[in-house]
Structure formats: C-alpha cells, structure tokens
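User: Please take a close look at one small sheet in this structure for me. I am in my first year, so plain wording would help, and you may go on from the sheet to other parts afterwards.

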Amino acid sequence: MWHTRRKFIKETALLGTGAALSWSFSIPQLSTWNKPALIGGTPIMADKKWPEWPRWVAPAEEQKILQVLRSGIWSRADVTSQFESRWAETIGTKRCLTVVNGTNALITALANFGIGEGDEVIVPPYTFIATIMAVLANGAMPVFADVELDTFLIDPLRVKEKITARTKAIIPVHIAGLPVDMDRIMTIAREHQLIVLEDACQAHLAEYDGKRVGSLGDAGCFSFQNSKNMAIGEGGAITTNNDAFMDKCFSYHNLGLPYGSAVGTVASGSIILGTKVRFTEYQAAIGLAMLNTVDVETTRRNENAAYLSALIAEIPGIYPYRLYDKVTRAAFHLFPFRFMEAEFGGLSRELFLKALNAEGIPCSSGYATLTDKLYLKDAFAERRFKQAYPKEMLDFDDFVLRNKCANNERLCNEQAVWFTQNMLLGTKEDMERIAAAIKRVHAHADAIKKT
Ligand SMILES: *Cc1c(COP(=O)(O)O)cnc(C)c1O
C-alpha cells in the first residue's frame, strides 16, 4: 500500500505538482487499492458537478442583447459587422464573414474557391461528418488521407500520396482543437498549387507557431454550434486575407447580391449564383458576449490538459494526444487519448469507458469510421456525380477499398477515448481525480473484466 502511495507521490512530484500530495493522503477513496465503482466501490467523483456548457457568464452584456431585441433589427446589420471585425481581429485575418453554421461556412468557402464537380478534395477520415458533407454538397469527391495515430491529425505523408490531376484542395481539420502540422501541409499545397481550407470548427484560438489557426491556409472555417468552445447555439464564420474571395463569399451568402449590399436592398440585382445563409443580429450580440471569456477559458483548458496529460501518461496503456513542436496553444474542444487493451490486461475499451463513467467521469469512444458509410453511395448515385466522374470512381465498394485508413480504423474501433472540453474547465483537483480513476481501473482491470 505504502509503496503505491510513494510511487504516485514520486511521479506527481517529479512533474512539479506538489498539490497532488495533499489529496493523496486526505481523500482516502482516491487510492488505487479501493474497489472501482463499477464493481461496488465508491465513485471517485460521485458528488461531482462538471462545469456546464454552454454557460452564460456575461450579465453585463445582457443590456446589449435586449437592445438588439427591442430594435427590431434582427437580420444582418451593424452588430453582425461588428462581430465579424472582432472575430477577424481575434484570429488575425483581414476579413471574416459569418454564416448560419460551420457546415455552411465550409460549403460557402469551397464553392467560392471554385471547387465542384470533377474535383477531388483531400480530407482526414478522423473528423466530424460535416467536413465530408461540405465537399459532397459541392459535387466534389472527398479523398481520405489517413491520420497519424499519436496526433489524431491528418498525416502530410499520406496527403502527398493522394494527390492526382483532379486534386484541387486540402482540408486540414484541427480535430479536437489540436493544430495540424501546417508547415508541411502548406509546403505540399504550394508545390501542387492546391487550396488549403482549414476546418477550425473545433479549434477556436488554437495557435501554430504563434499564429491562430484559421489564418494559416487560404481560408479557415469556424463553428459556433452549442457544443463548441465559442458557443452561440448555431453559427459559423469564414476567415481569410483574400479580399476577392471574401467579397465573392459575401455575395454568395446573400443571394448573389454585390458585396456589401445592405440586407433588404435588391435593386442592384444579383451578380453571381448564390444562396442565403446569413447570420442574425442576436447571434452576433451573443457572440460578442462570448468573446469576453473564450480566451481565459482556452488558457484554462490548456493548463488542465497539460496537467492531466502528464498525470495519465504515467499509466501503462494510456497514450495522450501528441502536439507538434510548433503548436503554441491548442483549443482542446476534446481531450483525446489512446487506450491500449493489451496493457490493461485485455480489458475492452467498452468496459474501460463503463468503469470510468461509473466513477463519475464522463467519457466516450468518439467518432465512428466515415469512409465506409452509405451517404457516399447516395452521393455517387446523383446525376451530377455520374456526369462528372468516370464510372470506376463511383463504385462504392472500390471507393471504400481505395479510401481505407488503417490508423483511423484503429482509433475509431479500438483505441480512442475522449473527454469533453467542459471537463477541462474544472479544477486541478478534478484532473487529479480523473488520473486517479484511470489508475484505479488499471489496477483492478482483471476484476472488472470478470463482471
Ligand atoms: C462542428 C463541426 C463542423 C460543422 O459545424 P456546424 O456549426 O455544426 O455546422 C465542421 N467540422 C468540424 C470538425 C466540426 O467539429
């Protein structure tokens, strides 16, 4: 018993975490020799209320939101423009355009880079389905380039292998808020004259080499959906330094009317084919309020993630995400790590998740594979796909084989475990409790397996 305590104290002390000393003695139920909750022990976080998300912590801003409500000006106008300026400034780009959501930010950006039928777009398989849907919505063909196991991010080597004469763009997805190896992606893109559209929908305020993601490629896309680190309920934005592209995006998002046309004026006549995916004034007012806290919250998530990561990296079979050397700040929309069944005495990931959940620590296995699902077959059956691609390219079974991504399959089917971003807004002690719970599950893996 004493040995285990000593060992843990030694480990945590080595990490410069003196705080761990106090709880390892004062909260006896944290010790690894107690039974896990799943097999009858007391949950390590039984009484825990994790920080709620989204959370409203801007009472001072409520007056401004009421002003918008009482003004009756609810379609896009000055408050939206103000939010766009602030978001461009926050990301470090010249321009920003808001749209209804992140999915439509991606669709709008791709469309206005001229990407459509007959084109290929290289995407990672480890992403939210919206990335792929945006490509297909424009009639373009998604081409999956596998991720690296230790970073969860698109592997530049695999990107290179997937380039063909049809390739027009790469969508690096900063999944979980972890920045992609952008230097290598940009080098490949320049070599082959490809557009780089960053999917930063999970990566608000993440930085690579001191620059915010969403400012590194030709354009970046953000989501303000309720679960995201900048939450408005729904909402999205495109960031860029390219004026001509952005003017076009503006027209497109406002029924093809010329750039800068005020909402409600149609006299000038539409100049391009467009759609209507405009933001609203009350979304912008909420966004301005959320901007007050996103930076402090991002710092908090980074501190907690670094601490938790160091604590759990000590546990056999637990491998936290790896950040590239040039990453100066991540966003941690998720805290991903890999779980190795073999090092947990053959305990399945499913039971591991169950055991952690029983300790009062919410976690999940994350994404399922999306390189092999029926939505692709449905897209390939469309007339525009049949007209734009040779028959071989539209054979679903062939597509699935061509786009097989072994690392992605291992992450989805065997290894990945996620904690959500709101947990990283907790305290240092919360992180210590998470680590203690994982240690306890590891120590009792055999007994859990027998349940
Ligand atoms: C959330 C998300 C999107 C889509 O954003 P919505 O606002 O939900 O439409 C796109 N890509 C990724 C990686 C996302 O996480």
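Analyst: Start with one pair of residues: Tyr 208 has Lys 211 in S7 as its bridge partner. Keep in mind that the model is a predicted one.

That pair leads to the strands. Strand S6 covers residues 207–208, and two bridges join S6 to S7, the two strands running antiparallel. The sheet as a whole is open and has three strands, in the order S7-S6-S11, with antiparallel pairing. Strand S7 (211–212) and strand S11 (327–329) are its edge strands, since each of them pairs on one side only.

From S7 one can move to a helix. Thr 90 lies in helix H4, which spans residues 78–91. Apart from its neighbours within four places in sequence, Thr 90 is in contact with Leu 205, Arg 212 and Leu 291. Is Thr 90 buried or exposed? Thr 90 counts as buried because its relative accessible area is 17%, and the cut-off for buried is under 20%.

Next, two helices. Helix H10 runs over residues 281–312 and helix H16 over residues 428–443; their axes come within 9 Å and cross at roughly 25°. H10 is therefore roughly parallel to H16, because angles under 35 degrees count as roughly parallel. The crossing of H10 past H16 is right-handed. On the H10 side, the residues that meet H16 are Asn 304, Tyr 307, Leu 308, Leu 311 and Ile 312. On the H16 side, their counterparts are Lys 428, Met 431, Glu 432, Ile 434, Ala 435 and Ile 438.

Last, the cysteines. A disulfide is a covalent bond between the sulfur atoms of two cysteines. How many disulfides does a search of the whole structure find? The search finds zero. Cys 96 is in no disulfide, and the nearest cysteine sulfur, which belongs to Cys 221, is 10 Å away. Cys 96 is also buried, at a relative accessible area of 9%.

Why can the sulfur of Cys 363 not form a bond with the closest cysteine sulfur? The closest one is in Cys 412, and at 16 Å from the sulfur of Cys 363 it is too far for a bond; a disulfide needs the two sulfur atoms within 2.5 Å. Cys 363 counts as buried too, because its relative accessibility is 13%.

Technical notes. Residues are numbered from 1 along each chain as its sequence is written. This is a predicted model: local features need pLDDT of at least 70, side-chain atom pairs count only at pLDDT 80 or more; totals for chains, interfaces and linings use all residues. Side-chain values use heavy atoms; hydrogens and water are left out. Two strands pair if DSSP finds at least two bridges between them. Helices (H or I, at least four residues) and strands (E, at least two) are DSSP runs, numbered from the N terminus. Buried means under 20% relative accessible area, exposed over 50%, partly exposed in between (1.4 Å probe, protein chains only). Axes are lines fitted to C-alpha atoms, for helices over the stretch in contact, and angles run from 0 to 180 degrees between N-to-C directions. Angles under 35 degrees count as roughly parallel, over 145 as roughly antiparallel, 65 to 115 as roughly perpendicular and the rest as oblique. A crossing is left-handed if the near helix is turned anticlockwise from the far one by less than a right angle, and right-handed if clockwise. Contact means heavy atoms within 4.5 Å.
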